[in-house]
Amino acid sequence: MKTNDRYYFYFKLALVTVAAAMVLYELFYCDHFIGYMDGKYYYQYLPEFFIERNFSFYVKFPMGTALCELPFFLVAHLLTLWLSPGNVTGYGGFYEYAVGFCGIFFFLVGCVLLFKVLRELFESKNALFTMLLLIVGTPLGLYATKYASFSHVYTFAMGSALLFFILRMDADPKREMGYAFLTGLVAGWIFILRNVNIVFLLIYLLYDFGSGRRWTDHLAKVFSLRRLPFHIIGGLVLVLPQCLYWKRTTGSFLLNTYADERFAYLGEPKILEVLFSDAKGYFIFTPLMILAVLGWFFMRRTKAKSFRFGVPLLFFYILCITSTWWCWWLGGVYSIRVFLDILPFMALSLGAFMACLDYWIRQKSGMEKRVYTGIYVICILFFVYVNLALLAGAQRGIVNETFSNWWELRRAIFHWI
């Protein structure tokens with residue numbers, strides 16, 4: 001068996017194991033939240049359109065999440081009509097499980113595509129290790145199950161698809177126009193999942209930025225007749241229905257759906273709170289991402305160098321809009337959830353950090369190599385443990401999902417120690 005095939009087998013084995021655990025959690029332990037906070041509004045399109053036949057209701061959240069959930073909703077609807085026709089409401093019963101299984105499906109799709117991207121940029125073993133760390137070292141699994149009605153796991157999948165198609169367009173010129181269409185389709189889907197995330201297209205426009213002529217050649221391809229028309233057509237396939245819905249319900253094709261909310265902290269952004277507070281701090285709840293940030297400085301040494309400007313830019317974009325928003329903690333759910341949207345891009349810098357550190361340690365020998373390896377392993381295990389301990393603490397009610405405090409976090413982290 002080839003080395004690459006062997007690591008791909010290990011990845012599939014790990015993914016199947018994780019998927020089975022998520023299904024069991026979904027069936028026997030998870031308390032579902034279709035009607036919780038933003039999730040109920042993302043989902044609302046489905047019962048309104050397919051059960052109430054109401055095409056004039058207005059909800060400020062776009063329809064991208066509902067589009068992801070649609071096939072699973074239809075299966076749940078048919079099962080309900082067959083087995084429990086008195087409960088055809090769009091909520092409860094099979095409908096709850098449909099959303100949960102939809103989250104797991106898109107989690108798997110995103111992981112498979114992202115692994116393929118990482119294998120293009122790094123050695124297979126580093127790609128595998130990076131993916132395993134993302135799965136057990138971030139709250140992505142929580143948003144693929146308990147909070148599957150939110151948009152984040154679907155944005156993760158689409159971000160992974162965007163990276164995959166960007167690389168395929170250059171690698172397979174014979175299918176360039178097809179991949180260009182799919183890139184536009186994914187970009188449109190990202191827009192109708194969460195409108196502000198259309199900025200993610202910068203990862204495409206800034207591909208090879210800083211590489212002189214290669215970047216200008218890339219832009220020439222982006223705006224060429226072999227790509228641009230297919231980008232536009234692909235994007236319109238999904239953006240146009242959203243615009244028509246806005247036109248029907250509000251009279252306008254384009255809409256600022258957050259016009260009644262504001263950036264209350266423009267003069268005093270809550271950057272430290274977003275990153276380090278006990279309430280929701282990103283690096284406190286997901287310390288593994290500290291290594292991903294460090295990885296920005298190593299990307300230029302790997303094949304991921306083409307993304308070395310786009311990845312930090314998107315991180316700072318999410319940080320800026322979140323830290324200046326009136327509700328910077330983003331409500332009563334786990335951690336600062338919007339950072340999950342850029343997880344595929346941060347995976348590139350995390351992979352670069354892992355690859356460079358692995359190479360550096362392999363150059364050592366004797367006791368020095370063992371010491372550095374030990375420190376490396378201990379840090380990784382600690383970061384993963386903190387994530388899992390806090391997730392378990394939130395599940396048990398030790399960690400408050402609205403606002404935590406240092407005592408709650410310490411209690412959750414050291415519960416098993």
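Start by selecting Phe403, in what is a predicted model. Is Phe403 buried, exposed or something in between? With a relative accessible area of 37%, Phe403 is partly exposed, because it falls between the 20% limit for buried and the 50% limit for exposed.

Now add Trp329 to your selection. Trp329 and Phe403 make a tilted aromatic pair, with 5.1 Å from centre to centre and 45° between the planes. Colour the chain by residue number and you can follow how this pair links distant parts: Trp329 sits in the loop between H16 and H17, Phe403 sits in the loop between helix H18 (366-396) and helix H19 (406-413), and the two are 74 residues apart. Unlike its partner, Trp329 counts as buried, because its relative accessibility is 19%, and the cut-off for buried is under 20%.

**Next stop: H16 and H17**

Select residues 310-324 for helix H16 and 343-362 for helix H17. How far apart are their axes? The axes are 9 Å apart, and the helices pack at an angle of about 130°. That angle makes H16 and H17 oblique to each other, and their crossing is left-handed. To see where they meet, show the side chains of Val311, Leu314 and Phe315 on H16, then those of Phe345, Met346, Leu348 and Ser349 on H17. Sort these contact residues by type and you get six nonpolar, one polar and no charged.

Keep Phe315 on screen for a moment. Phe315 belongs to an aromatic cluster, along with Phe276, Tyr282, Phe283, Trp296, Phe316 and Phe339.

**More rings**

A search of the whole structure turns up 49 aromatic pairs. One of them joins Phe200 and Phe345, edge-to-face, with 5.4 Å centre to centre and 80° between the planes. Which parts of the chain does this pair tie together? Phe200 is in the loop between helix H9 (176-193) and helix H10 (202-205), while Phe345 is in helix H17, so the pair ties together parts that are 145 residues apart in sequence. Try a surface view here: Phe200 is buried, at 1% relative accessibility, and Phe345 is buried too, with a relative accessible area of 1%.

**Over to H9 and H12**

Select H9 again and add helix H12, residues 228-250. These two pack at an angle of about 25°, with their axes 5 Å apart, which makes H9 roughly parallel to H12. Their crossing is right-handed. Among the residues that meet here are Phe181, Leu185 and Trp189 in H9, and Phe230, Val237 and Trp246 in H12. The contact divides into 13 nonpolar, seven polar and no charged residues.

While you're on H9, pick out Tyr179. At 13% relative accessibility, Tyr179 counts as buried. Draw a C-alpha to C-alpha distance from Tyr179 to Phe230: they are 8.6 Å apart in space, though 51 residues apart in sequence. What does Tyr179 touch, leaving out residues up to four places away in sequence? The list is Phe165, Arg168, Met169 and Asp172.

**Last stop: Thr145**

Finish by selecting Thr145, in the loop between helix H7 (140-143) and helix H8 (152-171). Loop or not, Thr145 is buried, with a relative accessible area of 4%. Which residues surround it, beyond its neighbours within four places in sequence? Thr145 is in contact with Met22, Tyr25, Glu26, Cys30, Gly100 and Ile104.

Terms used: Residues numbered from 1 in each chain as written. Predicted model: local features only at pLDDT ≥ 70, side-chain atom pairs only at ≥ 80, totals over all residues. Heavy atoms only, no water. Helix = DSSP H or I, 4+ residues; strand = E, 2+ residues; numbered from the N terminus. Buried < 20%, exposed > 50% of the residue type's maximum accessible area, 1.4 Å probe, protein only. Contact = heavy atoms within 4.5 Å. Axes fitted to C-alpha atoms, helices over the stretch in contact; angles between N-to-C directions. Parallel < 35°, antiparallel > 145°, perpendicular 65-115°, else oblique. Left-handed = near helix turned anticlockwise from the far one by under 90°. Nonpolar A, V, L, I, M, F, W, Y, C, P; charged D, E, K, R; others polar. Phe/Tyr/Trp six-rings, centres within 6.5 Å; stacked < 30°, edge-to-face > 60°.
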